[in-house]
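Trainee: Please pick one part of this protein and take me through it closely. I would like the wider setting as well.

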Amino acid sequence: MALSKPVFSLMEDLTCSICLSLFVEPVRLGCEHNFCKSCIQRCWGKQRKAVSCPECRAVCPGRGYTSNRVLANLCEKARQLELNPGLQQEGGSRCLEHDEKLKLFCQDDQALICVICRDSPAHSGHSFLPVADAVRKYKDQLKASLDSMENEKESKSELKRQLQREISELHEAKRLGERYLSNKEDREDAESSEAEEDSIKSRDSEDDEGEGSECSAEEEKETPLYSRRKYTGFRGPLLYTVWKQMKQIISPAPASLTLDPNTAHRNLILSEDLTSVRHSDRELQLPDNSERFDRAPCVLGSQGFTSGEHYWEVEVGEKSEWDVGVTKESANRKGKITLGPRSGYWAVWLINGDEYEATESSLVTLTPSVKPRSIGVYLDYEGGLVTFYNADDMSVLYTFTDTFTEKLFPYFCPGFFEEGKNDAPLQLYHFK
């Protein structure tokens with residue numbers, strides 16, 4: 001028999017999960033997890049921006065932590081009582097059953113044992129390591145896991161930077177397109193004016209040569225063509241051509257979403273083409289199926305995503321209240337809905353007409369420079385990113401970083417009717 005369960009449990013509580021030893025200068029993070037001060041500083045040392053707890057991944061604003069004096073005193077008493085198993089010390093603790101030194105580590109039971117325990121029926125067929133080898137093995141595994149997490153975090157940061165560069169290039173492409181349209185229109189107007197002047201001069205010349213002569217039917221028909229061409233001859237086709245050229249450089253291509261009526265709350269009114277939704281004070285008679293929101297006035301998109309990069313836009317106009325985001329397929333839709341990654345909702349929202357917010361481990365207040373009239377949502381499934389933009393100028397409102405393991409659906413909430421004050425719809429934007 002190895003350490004008794006109460007003692008082993010106590011040792012777990014007094015052991016740093018990074019170095020696997022008794023705490024040295026233990027500090028407590030905001031999420032209530034504890035680490036050695038030097039361990040957490042070393043763990044955060046390579047991270048450039050936001051840091052998080054190595055255990056629960058909760059974000060730690062400002063790299064904040066507080067000293068845990070109570071835990072430090074307990075660890076000191078444990079050392080005095082020789083409760084430390086002494087993984088690398090020759091004079092380690094002794095087996096409570098056989099009073100032998102704990103020299104072996106049982107990999108099956110994850111416990112320290114003596115040589116007599118090894119031969120007992122309780123450990124028959126188990127694999128063992130010398131204590132020193134076990135320490136090296138599990139420290140190497142922990143280091144590899146931490147390095148992998150650091151690399152993953154750095155990869156996500158690079159993906160975020162790459163996305164911002166791509167969006168910046170799309171700003172540039174839009175500006176060039178607008179400049180091209182403006183210059184082309186000016187040239188067409190100039191050519192049209194010159195053509196009209198030439199036509200007038202031609203007619204005047206003909207009148208001078210033979211006053212009273214009649215113009216042919218073909219000449220009469222040609223005269224008004226210039227004015228019609230000036231206003232309608234190029235605008236639609238030219239815009240469409242430029243847009244097609246711009247779409248070729250956009251990645252991901254904007255998605256044309258529709259709403260899923262089977263998920264819509266009974267007080268929501270969906271348009272016939274399933275591209276807009278608004279709240280009504282009149283409740284519709286709809287079946288209470290498992291997919292439908294029964295309390296929160298929400299609706300999901302018909303299209304779900306399990307991979308890839310996706311982007312869509314939602315027109316919010318002058319509404320005073322709305323939610324926009326994504327949610328996982330298994331997230332709760334009944335009763336009160338709590339927004340946040342822990343509940344399976346990655347969203348931003350507006351309340352009271354001018355308060356923009358999001359939630360991760362705590363409430364985050366957003367401060368857009370201008371009031372957004374359209375919200376852009378970018379989802380990178382493998383990259384673990386959900387980024388929200390003010391689609392009017394493509395400035396970033398907020399970015400969630402997470403790991404996705406199931407199908408994600410676009411999420412929409414137009415807010416409550418508020419006696420007609422918030423009756424405008426949320427409108428999905430379709431890029432033609």
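**The aromatic cluster and its surroundings**

Mentor: Start with the contacts between residues at least 6 apart in sequence: 60% of them join residues at least 24 apart. Keep in mind that this is a predicted model. The protein has 432 residues, and 39% of them count as buried. Its secondary structure comes to eight helices and 21 strands. The exposed surface is about 24700 Å², with carbon and sulfur atoms supplying 49% of it.

Now the close look. There are eight aromatic pairs in the structure. One of them is Trp346 with Phe404, an edge-to-face pair with 5.2 Å centre to centre and 90° between the planes. This pair links distant parts of the chain, its members being 58 residues apart. Trp346 sits in strand β14, residues 345-351. Phe404 sits in the loop between β19 (395-401) and β20 (408-413). Are these two rings buried or exposed? Trp346 has 5% relative accessibility, so it counts as buried. Phe404 is at 9%, and it is buried because the cut-off is under 20%.

Phe404 has a second aromatic partner, Tyr381. Here the ring centres are 5.7 Å apart. The planes meet at 50°, so this pair is tilted. Again, distant parts of the chain are linked, with the two positions 23 residues apart. Tyr381 lies in the loop between β17 (374-380) and β18 (385-390), while Phe404 lies in the loop between β19 and β20. Both Tyr381 and Phe404 are buried. Put the pairs together: Trp346, Tyr381 and Phe404 form one aromatic cluster.

Next, follow the strands around these loops. β17, β18 and β19 belong to an open sheet of seven strands. Its order is β9-β10-β21-β12-β17-β18-β19, and the pairing is antiparallel. β9 (268-270) and β19 stand at the edges with a single partner strand each, so one side of each has no neighbour in the sheet. On average, neighbouring strands of this sheet are turned by 20° against each other, direction ignored. Tyr381's loop connects β17 to β18. Those two strands run antiparallel and are joined by six bridges. Within that pairing, Ile375 has Asn390 of β18 as its bridge partner.

Now cross the loop of Phe404 to β20. This strand is mostly covered, with six of its six residues buried. It has an antiparallel pairing with β13 (residues 322-328), over six bridges. Thr327 stands opposite Phe409 of β20 there. β20 is also joined to β11 (residues 299-300), by two bridges and again antiparallel. In β20, Phe412 stands opposite Val299.

One further residue deserves a stop. Asn422 lies in the loop between β20 and β21 (426-429). Its relative accessible area is 1%, so Asn422 is buried. What does its side chain meet in a polar contact? The answer is the side chain of Lys319, at 3.1 Å. Leaving aside neighbours within four places in sequence, Asn422 is in contact with Lys319, Ser320 and Glu321, and with Pro414, Gly415, Phe416 and Phe417.

To recap, Phe404 pairs edge-to-face with Trp346. The Tyr381 pair is tilted. The three residues make one aromatic cluster.

Technical notes. Residues numbered from 1 in each chain as written. Predicted model: local features only at pLDDT ≥ 70, side-chain atom pairs only at ≥ 80, totals over all residues. Heavy atoms only, no water. Phe/Tyr/Trp six-rings, centres within 6.5 Å; stacked < 30°, edge-to-face > 60°. Helix = DSSP H or I, 4+ residues; strand = E, 2+ residues; numbered from the N terminus. Buried < 20%, exposed > 50% of the residue type's maximum accessible area, 1.4 Å probe, protein only. Pairing = 2+ DSSP bridges. Axes fitted to C-alpha atoms, helices over the stretch in contact; angles between N-to-C directions. Polar contact = N/O pair within 3.5 Å; in protein donor to acceptor, adjacent residues only side chain to side chain. Contact = heavy atoms within 4.5 Å. Areas by Shrake-Rupley, 256 points an atom, 1.4 Å probe, with all protein chains shown as cover.
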